[in-house]
Amino acid sequence: MDKSKRLFLKSKRSFRRRLPPIQSGDRIDYKNMSLISRFVSEQGKILSRRVNRLTLKQQRLITIAIKQARILSSLPFLNNEKHFKKSKLATRTTGLKKKKKK
């Protein structure tokens, strides 16, 4: 076989099809926290449709459910623990000068 003909032949490797992230019986609802938490990153951001492997309709429903859960305080807006830690305040000594009495 010529090299030019070999390029167009498809390999006969079988591939394992991934399971869809949302089964047909799953309800996309703000109350279903086990389902919603799979589509939120560690920082609290909603993952993209490409990462989630969702259809457009499913992604819209997931987004609405996540936003409803955030408003009802069952899901945090931010999940960044560094943001909430209090930092020690440094005392300023250079800017404070006492007036001399005459």
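**Buried, exposed and in contact: reading a five-helix chain**

Tutor: Gln59 is found in helix 4, and this placement, like everything discussed here, is read from a predicted model.

Student: Does Gln59 count as buried or exposed, and how do you know?

Tutor: The relative accessibility of Gln59 is 10%, and a residue is called buried when the value is under 20%; Gln59 therefore counts as buried. Leaving out residues up to four places away in sequence, Gln59 touches Ile46, Leu47, Ser48, Arg49, Asn52 and Leu54.

Student: Arg70 also lies in helix 4; what makes Arg70 count as buried or exposed?

Tutor: Its relative accessibility is 13%, and since the limit for buried is under 20%, Arg70 is placed in the buried class.

Student: Which residues is Arg70 in contact with, leaving aside its neighbours within four places in sequence?

Tutor: Arg70 is in contact with Gly44, Lys45, Ile46, Leu75, Pro76 and Phe77, and the side chain of Arg70 reaches the backbone oxygen of Gly44 at 2.3 Å. From C-alpha to C-alpha, Arg70 is 8.9 Å from Tyr30, although 40 residues separate Arg70 and Tyr30 in sequence.

Student: Is Phe77 buried or exposed, and why?

Tutor: Phe77, in the loop between helix 4 and helix 5 (81–84), has a relative accessible area of 54%; the class called exposed begins over 50%, so Phe77 is exposed. Together with Ile71, Leu72 and Leu78, Phe77 makes a nonpolar surface patch of about 450 Å².

Student: What makes up the largest nonpolar core?

Tutor: That core has 11 residues, namely Ile22, Leu35, Ile36, Phe39, Val40, Leu54, Ile62, Ala65, Ile66, Ala69 and Leu75. Two elements, helix 2 (33–36) and helix 4 (56–71), give two or more residues to the core, and helix 4 supplies the largest share, four residues. As for Leu35, this residue touches Ile22, Asp26, Arg27, Ile28 and Ile62 once residues up to four places away in sequence are set aside.

Student: What pattern does the protein chain follow along the sequence?

Tutor: The pattern is α-α-α-α-α, with five helices and zero strands in the chain.

Student: How many residues does the protein chain have, and what share of them count as buried?

Tutor: There are 102 residues, of which 17% count as buried. The chain exposes about 10,500 Å², with carbon and sulfur atoms supplying 54% of that area. Among contacts with a separation of 6 or more, 49% are between residues 24 or more positions apart.

Definitions and conventions
Residues numbered from 1 in each chain as written. Predicted model: local features only at pLDDT ≥ 70, side-chain atom pairs only at ≥ 80, totals over all residues. Heavy atoms only, no water. Core = buried A, V, L, I, M, F, W, Y, C linked by side-chain atoms within 4.5 Å. Buried < 20%, exposed > 50% of the residue type's maximum accessible area, 1.4 Å probe, protein only. Contact = heavy atoms within 4.5 Å. Patch = residues over 30% accessible without salt bridge, like charges linked within 9 Å, V, L, I, M, F, W, Y side chains within 5 Å. Areas by Shrake-Rupley, 256 points an atom, 1.4 Å probe, with all protein chains shown as cover. Salt bridge = Lys/Arg side-chain N within 4 Å of Asp/Glu carboxyl O. Polar contact = N/O pair within 3.5 Å; in protein donor to acceptor, adjacent residues only side chain to side chain.
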